[in-house]
Amino acid sequence: MNYLSVENISKSFGERTLFSDISFGINKDQKVAFIAKNGTGKTSILKIITGEDTPDTGQVVMRKDIKMAFLPQEPNLNPELSVEESIFASDNDILKVIERYEKALENPENTEEYQKAFEQMDIHNAWDFETQYKQILFKLKLEDLKLKVKSLSGGQKKRLALAIILINKPDLLILDEPTNHLDLEMIEWLESYFAKENITLFMVTHDRYFLERVCNEIIEMDNGQLYQYKGNYSYYLDKKEERIAAENASIDKAKNLFVKELAWMRRQPKARTTKSKSRQDDFYVIKEKANSRRKEHQVELEINMERMGSKIVELHNLSKDFKEKTILKNFSYNFKKGERIGIIGKNGTGKSTFLNILTQSIAPDNGKVVIGETVKIGYYTQNGINPKPEQKVIDIIKEFGEYIPLTKGRTISAAQLLERFLFDRKKQYDFVEKLSGGELKRLYLCTVLIQNPNFLILDEPTNDLDIVTLNVLESFLLDYPGCLIVVSHDRYFMDKIVDHLFVFRGEGVIEDFPGNYSDFRIYEDSTEPEKEETKTTTDKKSWKKDNVKKGLTFNEQKEYQKLEREIKDLEEKKKEIEGIFASGELADTEITEKSEELQKVLDSIDEKTERWFELSAKMEEA
């Protein structure tokens, strides 16, 4: 069943065409992601679909009686309403019944009003609905219903807007970057909710794990053309690669044919009679195809990093409280060369405060931060760029100089640098306020990196960046030789970039986990929750809990955990092969092959188990 059809829509701003003649449909139970580069009009398409904007040409046709909801990047909520008032302000008859019942409960002496409200709950069968909506509020951590919207954080506002939408159960839900401003716990709950609910989704998101686990179709806008993929993110990557390979092969074929036809066209006019008119027309089609080029521009990142001395950054017994909330408590840590640390934790546990103390933007209540003389910190904050009125893109870069130093003594002009960050000469003279959210983030990233830091701090760098830019940024960071600290809710990004994690538990508790985010999730899911509150130590907490890995270095701890997983996988493989032998269905030619495979598995189990015992013995000796 078709819910919505987008028919030949186009949109331009002045001389700039965002997109033209775009058509696609959204059907019942589809979970569709829309992927395109920053600045190509993703948000504009969402606004046209939801009626907030109109296309220059074309139309959007929606099926009658379809209830649609839109979750924008920045929720539009009345700041003067409370959380509860915001929920009940939505146009939902059952919610109105529940609201009257909730008010009647507050005035139990008015028995007549209470009786009427109770009966209405029965008539509308609102009891189940009330239970479901309270479960959603509980899951989204919105227990304090009396809080005013204006006192909520960005993450709380996003959760409230999400709760209002989910409670009202729309037929079609449009989402613009739904995971922005949510902490990892909320993202994983939302991911699970969407994956199992029969809800039709159309979303723009850069969260690749979210794409992988929620979406069953991906629409990509690439060089002005739409391509549809009936599968999740992995399927999309495979099929896109095949499509590009086929396109390149087609172009190569056209080039060869073009050379042949060009020779024919250059012959004497008598060789080209009127009978050859169709061949002449075909020549121009072939020429256009042969000269076509994929516009695969990528951000080029380069850095002239200064060498680090032996002293990098030392944190000595840091403590910090805000009112009655403990952010840090006697936290110490010495950063080493080339460390790559990810920071995770629920919103409000002090991640950004920790970074501000580290960069000496705010002072700790106790303790001190010692920064080495050779350390140059680059800090990418969530605040981004604050341009002056009518400031142009190139003016932002020229504040750092007309020419910027690169590696090996080379320099580059401000205009050339912007071209490397995908701002062409025309775009460089646009006003900064006209840039899309992703373009603003890309420009800000440029201003941080051109200062050539050797200690790089990135606070939510992935918000609003398109997937192409994310892949390039990841490649750059993998080769980055300096120290790196990343705060991000992008699990895919964290898995690729960091070696270990600072886990902010709240109340000043920070634990050091030796692994990436997926390692952390596996460990968390396999560990019984602690019954007693975790006690804060005076040193950096290491990831020990009940099975403390005393006597092991950081790398040995990581190796020990990896061995446990690998041995478990090998044991399962051994059982699988033995089961094949037991079935008696192997042909004579397969028996030798499977025997050799089994022997390799057994040898690998012996080798890894021996190393595991070595590390276990080292732990016991400590």
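# Contacts, salt bridges and helix packing in a predicted model

Among contacts in the protein between residues at least 6 apart in sequence, 67% join residues at least 24 apart. The model discussed here is predicted.

Biologist: How many helices and strands does the protein have, and what percentage of its residues is buried?

Modeller: The secondary structure of this predicted model comprises 19 helices together with 21 strands. Of the 622 residues in the protein, the buried ones make up 46%.

Biologist: Which residues does Leu 456 touch, leaving aside those up to four places away in sequence?

Modeller: Leu 456 belongs to strand S17, which covers residues 455-459, and with a relative accessibility of 1% Leu 456 counts as buried, because buried means under 20%. Its C-alpha lies 8.4 Å from that of Lys 376, although the two residues are 80 apart in sequence. Once residues up to four places away in sequence are set aside, the residues that Leu 456 touches are Gly 378, Val 448, Leu 449, Leu 477, Tyr 480, Cys 483, Leu 484 and Ile 485.

Biologist: Is Lys 42 buried or exposed?

Modeller: Lys 42 lies in helix H1, and, not counting residues up to four places away in sequence, Lys 42 touches Phe 34, Ile 35, Ala 36, Lys 37 and Val 204. In sequence Lys 42 and Leu 18 are 24 residues apart, while in space their C-alpha atoms are 9.2 Å apart. The relative accessible area of Lys 42 is 12%, and because the limit for a buried residue is under 20%, Lys 42 is buried.

Biologist: Which residue meets Asp 56 in a salt bridge?

Modeller: The N to O distance in this salt bridge is 3.9 Å, and the criterion asks for a side-chain nitrogen within 4 Å of a carboxyl oxygen. Asp 56 sits in the loop between helix H1 (42-49) and strand S4 (57-62), and its partner, 45 residues apart from it, is in strand S1 (residues 2-13), so that the pair links distant parts of the chain. Asp 56 counts as partly exposed at 45% relative accessibility, whereas the partner counts as buried at 7%. The partner is Lys 11.

Biologist: How far apart are the closest N and O atoms in the salt bridge of Asp 222 with Arg 243?

Modeller: Both Asp 222 and Arg 243 are buried. The closest N and O atoms of Asp 222 and Arg 243 are 3.4 Å apart.

Biologist: Which residue forms a salt bridge with Glu 511, and which residues are joined into one network by salt bridges that share partners?

Modeller: In the salt bridge of Glu 511, the side chains meet at 3.2 Å, N to O. Glu 511 counts as buried at 5% relative accessibility, while its partner is partly exposed, with a relative accessible area of 36%; that partner is Arg 505. Salt bridges that share partners join a further set of residues into one network, namely Glu 191, Asp 207, Arg 213 and Arg 491.

Biologist: How many salt bridges does the count come to?

Modeller: In general, side chains of opposite charge can pair when their charged atoms come close. With a nitrogen-to-oxygen cut-off of within 4 Å, the count of salt bridges comes to 33.

Biologist: Are helices H5 and H6 roughly parallel or roughly antiparallel to each other?

Modeller: The axes of helix H5 (residues 126-139) and helix H6 (residues 154-168) come within 10 Å and cross at roughly 155°, and H5 passes H6 in a right-handed crossing. The contact is made by Phe 129, Tyr 133, Ile 136 and Leu 137 of H5 and by Ala 163, Leu 166 and Ile 167 of H6, which by class gives seven nonpolar, no polar and no charged residues. Because angles over 145 degrees fall in that class, H5 and H6 are roughly antiparallel.

Biologist: What classes of residue make up the contact of H3 with H5?

Modeller: The axes of helix H3 (residues 93-106) and H5 come within 10 Å and cross at roughly 85°, which makes H3 roughly perpendicular to H5. On the H3 side the contact is made by Ile 94, Leu 95, Val 97, Ile 98, Tyr 101 and Glu 102, and on the H5 side by Ala 126, Trp 127, Phe 129, Glu 130, Tyr 133 and Lys 134. By class, the contact of H3 with H5 has nine nonpolar, no polar and three charged residues.

Terms used: Residues are numbered from 1 along each chain as its sequence is written. This is a predicted model: local features need pLDDT of at least 70, side-chain atom pairs count only at pLDDT 80 or more; totals for chains, interfaces and linings use all residues. Side-chain values use heavy atoms; hydrogens and water are left out. Helices (H or I, at least four residues) and strands (E, at least two) are DSSP runs, numbered from the N terminus. Buried means under 20% relative accessible area, exposed over 50%, partly exposed in between (1.4 Å probe, protein chains only). Axes are lines fitted to C-alpha atoms, for helices over the stretch in contact, and angles run from 0 to 180 degrees between N-to-C directions. Angles under 35 degrees count as roughly parallel, over 145 as roughly antiparallel, 65 to 115 as roughly perpendicular and the rest as oblique. A crossing is left-handed if the near helix is turned anticlockwise from the far one by less than a right angle, and right-handed if clockwise. Contact means heavy atoms within 4.5 Å. Ala, Val, Leu, Ile, Met, Phe, Trp, Tyr, Cys and Pro count as nonpolar, Asp, Glu, Lys and Arg as charged, and the others, Gly among them, as polar.
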